[in-house]
Amino acid sequence: NPYDEQQTQILARITNNVVKLNDTLLELNQKIEEINEMNSDLVAFSNIWTHYQRNANLYLTSTNSLEPAKH
């Protein structure tokens, strides 16, 4: 059948493209995991900074050392 060879070639190309797509998606997932880890670190730092600001503000308010913001 003359179409068998053509179909075999088309299936081989499809299979090759699916393999390439899979490899690319694996790489993309790895990069997204790295970004998520960095974002997690930023969230932790932001929480620490927010608590520090709140505590500093409470301390300065309780010691009457808080000066009004200058614009």
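These exercises work through a predicted model of one chain.

**Exercise 1. Overall form**

Task: Find how many helices and strands the chain has, and how its radius of gyration stands against that of a compact globule.

Solution:
- Start with the secondary structure. The chain has 1 helix and 0 strands.
- Place the helix. Helix 1 covers residues 2-62.
- Take the reference value. For 71 residues, a compact globule would have a radius of gyration near 11 Å.
- Set the chain beside it. Its radius of gyration is 29 Å.
- Check the principal axes. The C-alpha trace spans about 95 × 25 × 10 Å along them.

**Exercise 2. Distances along the chain**

Task: State how far apart in space two C-alpha pairs are: Asp-4 with Leu-21, and Glu-27 with Asn-1.

Solution:
- Take Asp-4 and Leu-21. They are 17 residues apart along the chain, and their C-alpha atoms are separated by 25 Å.
- Locate Asp-4. This residue is in helix 1.
- Take Glu-27 and Asn-1. The sequence separation is 26 residues, and the C-alpha to C-alpha distance is 40 Å.
- Locate Glu-27. Helix 1 holds this residue too.

**Exercise 3. Burial classes**

Task: Sort Asp-4, Glu-27, Leu-11 and Asn-64 into buried, partly exposed or exposed.

Solution:
- Fix the cut-offs. Buried means under 20% relative accessible area, exposed means over 50%, and partly exposed lies in between.
- Asp-4 has 39% relative accessibility, so it counts as partly exposed.
- Glu-27 has 49%, so it also counts as partly exposed.
- Leu-11 reaches 54% and therefore counts as exposed.
- Asn-64 stands at 70% and therefore counts as exposed.
- Widen to the whole chain. Of its 71 residues, 0% count as buried.

**Exercise 4. Surface and patches**

Task: Give the accessible surface of the chain, then name the residues of a nonpolar patch and of a negative patch.

Solution:
- Begin with the total. The accessible surface comes to about 6,900 Å². Carbon and sulfur atoms hold 58% of that surface.
- Name the nonpolar patch. Ile-10, Leu-11, Ile-14 and Val-18 make a surface patch of about 360 Å². Its member Leu-11 lies in helix 1.
- Name the negative patch. Glu-33, Glu-34, Glu-37 and Asp-41 gather there on the surface. Glu-33 belongs to helix 1.
- Look at charge over the whole chain. There are 5 positive and 9 negative charges, and the mean positions of the two sets are 10 Å apart.

**Exercise 5. A backbone angle**

Task: Determine the sign of phi at Asn-64, positive or negative, and place this residue relative to helix 1.

Solution:
- Read the angle. Phi of Asn-64 is near 55 degrees.
- Assign the sign. The value is positive, and the residue is other than glycine.
- Place the residue. Asn-64 sits in the segment after helix 1.
- Recall its exposure from Exercise 3. Asn-64 counts as exposed, at 70% relative accessibility.

Definitions and conventions:
Residues numbered from 1 in each chain as written. Predicted model: local features only at pLDDT ≥ 70, side-chain atom pairs only at ≥ 80, totals over all residues. Heavy atoms only, no water. Patch = residues over 30% accessible without salt bridge, like charges linked within 9 Å, V, L, I, M, F, W, Y side chains within 5 Å. Areas by Shrake-Rupley, 256 points an atom, 1.4 Å probe, with all protein chains shown as cover. Salt bridge = Lys/Arg side-chain N within 4 Å of Asp/Glu carboxyl O. Helix = DSSP H or I, 4+ residues; strand = E, 2+ residues; numbered from the N terminus. Buried < 20%, exposed > 50% of the residue type's maximum accessible area, 1.4 Å probe, protein only. Rg over C-alpha atoms; globule rule 2.2 N^0.38 Å. Lys, Arg positive; Asp, Glu negative; His and termini not counted. Charge placed at Lys NZ, Arg CZ, Asp CG, Glu CD.
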